[in-house]
Amino acid sequence: SIDGVDTKRRERSMRYRFLSKEHVYEALNKLRAALLAAKDGEEVETIIKGVLSFDERIKIGRRIQVAQMIIEDYGHDEIKKTLKVGSSTIMLVNKNLRQFPKCFEYIKKREDKVETEFNKKAYRKVGGPKLVYKKTKYTGFKRSKVKR
């Protein structure tokens, strides 16, 4: 099945039970197209802000944080206390981690690429050749400028 979507009732939110299979596929294909439309972080940010509410963006970001803590072997109680999330969120993310482990691998891989490129380009040493201790100057490079 496309995108892991199938006709199982438990996978489809009861809120959307009135949608036909075709409508579900169409909506998910629109989401995929929106995510693939961006060429860099600035475009991703524009698309995310244009499509998702602040609340939706925070929920998604926090689920990613929960997944990273689970991957790093933090305990259930420690995740709850640190991120102030409920048990149901932790259980949902844990289930998704087991079901779609590549998802969080892709996120981590991209995050590492962005940080590596940012660290290489965001700052440079300035000062003449005789200066032993050169100053560090910000170049204006932002994480959002990292290309795909």
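The following exchange concerns a predicted model and takes up its confidence, one helix pair and two loop residues.

Visitor: What is the mean pLDDT of the protein, and where does pLDDT stay under 50?
Guide: Across this predicted model, 91% of the residues reach a pLDDT of 70 or more, and the mean for the protein is 87. There is nevertheless a stretch, with 17 contacts beyond four places in sequence, in which pLDDT stays under 50, namely residues 1-9.

Visitor: Are H3 and H5 roughly parallel or roughly perpendicular?
Guide: Helix H3 (residues 54-71) packs against helix H5 (residues 87-99) with the axes 9 Å apart and at an angle of about 70°. Because angles of 65 to 115 degrees count as roughly perpendicular, the arrangement of H3 relative to H5 is roughly perpendicular.

Visitor: How many residues of the contact of H3 with H5 are nonpolar?
Guide: H3 contributes Arg-63, Val-66, Ala-67, Ile-70 and Ile-71, while H5 contributes Thr-89, Ile-90, Leu-92, Val-93, Asn-94 and Leu-97. Of these residues, 1 is charged and 2 are polar, and the number that are nonpolar is 8.

Visitor: Is Asp-73 buried or exposed?
Guide: Asp-73 lies in the loop between H3 and helix H4 (76-83), and its phi is near 65°, a positive value in a residue other than glycine. Since exposed means over 50% relative accessible area, Asp-73, with 70%, is exposed.

Visitor: Which loop holds Lys-84?
Guide: Lys-84 is not a glycine, although its phi is positive at about 55°, and with 68% relative accessibility Lys-84 counts as exposed. Its place in the chain is the loop between H4 and H5.

How values were computed. Residues numbered from 1 in each chain as written. Predicted model: local features only at pLDDT ≥ 70, side-chain atom pairs only at ≥ 80, totals over all residues. Heavy atoms only, no water. Axes fitted to C-alpha atoms, helices over the stretch in contact; angles between N-to-C directions. Helix = DSSP H or I, 4+ residues; strand = E, 2+ residues; numbered from the N terminus. Parallel < 35°, antiparallel > 145°, perpendicular 65-115°, else oblique. Contact = heavy atoms within 4.5 Å. Nonpolar A, V, L, I, M, F, W, Y, C, P; charged D, E, K, R; others polar. pLDDT = per-residue confidence, 0-100. Buried < 20%, exposed > 50% of the residue type's maximum accessible area, 1.4 Å probe, protein only.
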